[in-house]
Amino acid sequence: MASSGAPAGRAERAADRRQAIIEAAFETFIEQGYAATRIDDVAKRAGVAKGTIYLHFKDKQALFEELVRSAVVPLAARLTEPPPATGSIRAVLENFAGNFVREVTTTRRGAIVRLVIAEGPRFPAIADFYYREVVSRGMAGMRALIELGIARGEIRQAALKDFPQIVVAPAMVAVIWQGLFGRFAPLDAAAMLRVHLDLIFGEGGSA
């Protein structure tokens, strides 16, 4: 009788190889950019044959998309969760801002965001994908929070619901600044985001 553990073992090894490929792609895209990255480079870093990558991903774009899904999409998904029934909207945004600084601004995820900004115009397919999977979801979640803040009287500028980009703009500035100028003029992104929220909600912090 064949052991039931063999298929499970093969599946586990395949999952490990897939994860190693994604991790290698992460490092390679960051180092070389989207245009210059080759599947051969990723295979060499992952320690697998080039053909092994094609067993999991049809091309470089599919590999990049999976990288975004695993590293960035979950952060945007947090904004699409139902707004809190109680507590202040400012507190929710302060928590999101803190997580963004810890998990994006000062990490490799920030480099992926900068890559999309830099190379998206030349490769519209990756920009389109990033918009669908990350930006549109994040903006919808942010708009829902703003509308709730307006309804509760926390936000007095009703027109803000039409421009959720205003709320997240400092986060993008922090990502860009960190990559370009952080070594010359370190930016306290968390403090900047708190000042920005003061401008939106008024001074005094969360309730």
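In this predicted model, Gly-47 adopts a positive phi of about 75°. The residue sits just after helix H2. Helix H2 itself spans residues 39-46. Its buried positions are Ile-39, Asp-41, Val-42, Ala-43 and Ala-46.

The fold is helical. Ten helices and zero strands make up the secondary structure of the chain. Read from the N terminus, the order of elements is α-α-α-α-α-α-α-α-α-α. Along the principal axes, the C-alpha atoms occupy a box of roughly 65 × 50 × 30 Å. The chain has 207 residues, of which 41% are buried. Among contacts with a separation of 6 or more, 69% join residues 24 or more positions apart. The exposed surface of the chain comes to about 11300 Å². Carbon and sulfur atoms contribute 57% of that area. The chain carries 26 positive and 22 negative charges. The mean positions of the two sets lie 4 Å apart.

Aromatic rings form six pairs. In one of them, Tyr-34 and Phe-64 have ring centres 5.4 Å apart. Their planes meet at 80°, above the 60-degree limit, so the pair is edge-to-face. This pair links distant parts of the chain. Tyr-34 belongs to helix H1 (residues 5-36) and Phe-64 to helix H4 (residues 60-71), with the two positions 30 residues apart in sequence numbering. Both Tyr-34 and Phe-64 are buried. A second example, Phe-96 with Phe-100, has ring centres 6.2 Å apart. Here the planes stand at 45°, so the pair is tilted. Both rings come from helix H6 (residues 89-105). Phe-96 and Phe-100 are four residues apart, about one turn of the helix. Both are buried. Ring pairs also join Phe-29, Tyr-34, Phe-64 and Phe-123 into a cluster.

Tyr-34 also takes part in the surroundings of Glu-119. Glu-119 lies in helix H7 (residues 108-119). With neighbours within four places in sequence set aside, Glu-119 contacts Gly-33, Tyr-34 and Ala-35. Glu-119 is buried yet has no salt bridge. The nearest side chain of opposite charge is that of Arg-122, at 4.2 Å. The cut-off for a salt bridge is 4 Å, so the approach of Arg-122 to Glu-119 does not qualify.

Elsewhere, ten salt bridges are present. One of them joins the side chains of Glu-66 and Arg-18, with an N to O distance of 3.7 Å. Glu-66 is in helix H4 and Arg-18 in helix H1, so the bridge ties together parts that are 48 residues apart in sequence. Glu-66 has 18% relative accessibility and counts as buried. Arg-18 is partly exposed, at a relative accessible area of 28%. A network of salt bridges links Arg-18, Glu-66 and Arg-69.

Helix H1 is also tied to helix H7, through Glu-27 and Arg-108. In this salt bridge the closest N and O atoms are 2.4 Å apart. Glu-27 lies in H1 and Arg-108 in H7, so the pair connects parts that are 81 residues apart in sequence. Both partners are partly exposed: Glu-27 has a relative accessible area of 24%, and Arg-108 has one of 32%.

A further salt bridge pairs the side chains of Arg-90 and Asp-198, at 2.9 Å from N to O. Arg-90 lies in helix H6 and Asp-198 in helix H10 (residues 189-201), so the bridge ties together parts that are 108 residues apart in sequence. Arg-90 counts as buried, at 4% relative accessibility. Asp-198 reaches 23% and counts as partly exposed.

Helix H6 also holds Glu-94. This residue is partly exposed, with a relative accessible area of 24%. Glu-94 and Gly-153 are 59 residues apart in sequence. Their C-alpha atoms are 17 Å apart in space.

Technical notes:
Residues are numbered from 1 along each chain as its sequence is written. This is a predicted model: local features need pLDDT of at least 70, side-chain atom pairs count only at pLDDT 80 or more; totals for chains, interfaces and linings use all residues. Side-chain values use heavy atoms; hydrogens and water are left out. Buried means under 20% relative accessible area, exposed over 50%, partly exposed in between (1.4 Å probe, protein chains only). Contact means heavy atoms within 4.5 Å. Accessible areas come from the Shrake-Rupley method with a 1.4 Å probe; for residues, only the protein chains shown count as cover. Lys and Arg count as positive and Asp and Glu as negative; His and the chain ends are not counted. The place of a charge is taken as NZ of Lys, CZ of Arg, CG of Asp or CD of Glu. Rings of Phe, Tyr and Trp (its six-membered ring) pair if their centres lie within 6.5 Å; planes under 30 degrees apart count as stacked, over 60 as edge-to-face and the rest as tilted.
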